Amino acid sequence: MTLMAVFIFTVEILATVAGQLLLKRAMEGSNTVGLGNRRVLTLFIGGVAGLTISFFLTIALLQHFDLSYFYPIQGSTVVLITIAAVIFLREKLSIQLLAGSLLISAGIALVSVS
């Protein structure tokens, strides 16, 4: 894998994580002040933009990598979103959620080395 591919994978994963976090924050805000609020709308547009970037980078990566290679790397977003939600959204991390994230990480590592 080239350095450019690593960079594109990294940007794709970060765009997914950022998009999910921004959309979650926007939807929380829409419950209290409405989707028409400038801050909520900015978060919403940012989330959609992040996921759009992720979508097009995914298409580009699928042109060059097998799905069986790409998808385990893409699976790391689950773990990163969990960690980011705890840090940035102050969500609670239960034992089940922690165990599930660790199992996903172990699975990603196992598939990646095979």
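These legends accompany close-up views of a predicted model.

**View 1. The whole chain is built from helices.**
The chain holds 5 helices and 0 strands. From the N terminus, the order is α-α-α-α-α. Along its principal axes, the C-alpha trace spans about 50 × 35 × 20 Å. Of the 114 residues, 31% are buried. Contacts between residues at least 6 apart in sequence often reach far along the chain: 72% of them join residues at least 24 apart.

**View 2. The surface and the charges of the chain.**
The chain exposes about 7,600 Å². Carbon and sulfur atoms supply 72% of that area. There are 6 positive and 4 negative charges. The mean positions of the two sets lie 18 Å apart.

**View 3. Helix α3 and its packing partners.**
Helix α3 covers residues 67-74. Its buried residues are F70, P72, I73 and Q74. These residues pack against α1 (3-32), α2 (38-64), α4 (76-88) and α5 (95-113). Two of the buried residues, F70 and I73, also appear in the largest nonpolar core, shown in the next view.

**View 4. The largest nonpolar core has 12 residues.**
Its members are A5, F9, I13, V17, L21, L61, F65, F70, I73, A84, A85 and L89. Helices α1, α3 and α4 each supply at least two of them. The most come from α1, which gives 5 residues. An α-helix has 3.6 residues a turn, so residues three or four places apart point the same way.

**View 5. F65 in its aromatic cluster.**
F65 belongs to the nonpolar core. F9, F65 and F70 form one aromatic cluster. Leaving aside residues up to four places away in sequence, F65 touches M1, A5 and F9. Of these, A5 and F9 are listed in the core as well.

**View 6. F55 and F56 form an aromatic pair.**
The structure holds 3 aromatic pairs. The pair of F55 and F56 is edge-to-face. Their rings are 5.1 Å apart, centre to centre, with 75° between the planes. Are these two residues buried or exposed? F55 counts as partly exposed because its relative accessibility is 48%, within the span from 20% to 50%. F56 counts as exposed because its relative accessibility is 53%, over the 50% limit.

**View 7. A84 in helix α4.**
A84 lies in helix α4 and is one of the core residues. Its relative accessible area is 6%. That value is under 20%, so A84 is buried. Which residues does A84 touch, not counting those up to four places away in sequence? The answer is V17, L21 and L89. Those three are core members too. I53 serves as a second marker for this view: I53 and A84 are 31 residues apart along the chain. Their C-alpha atoms are separated by 19 Å.

**View 8. R90 in the loop between α4 and α5.**
R90 is found between these two helices. What is the phi of R90? The angle is near 60°, a positive value in a residue other than glycine. Most residues other than glycine have a negative phi. R90 has a relative accessible area of 68%. That is over 50%, so R90 is exposed.

Key
Residues numbered from 1 in each chain as written. Predicted model: local features only at pLDDT ≥ 70, side-chain atom pairs only at ≥ 80, totals over all residues. Heavy atoms only, no water. Helix = DSSP H or I, 4+ residues; strand = E, 2+ residues; numbered from the N terminus. Buried < 20%, exposed > 50% of the residue type's maximum accessible area, 1.4 Å probe, protein only. Contact = heavy atoms within 4.5 Å. Areas by Shrake-Rupley, 256 points an atom, 1.4 Å probe, with all protein chains shown as cover. Lys, Arg positive; Asp, Glu negative; His and termini not counted. Charge placed at Lys NZ, Arg CZ, Asp CG, Glu CD. Core = buried A, V, L, I, M, F, W, Y, C linked by side-chain atoms within 4.5 Å. Phe/Tyr/Trp six-rings, centres within 6.5 Å; stacked < 30°, edge-to-face > 60°.
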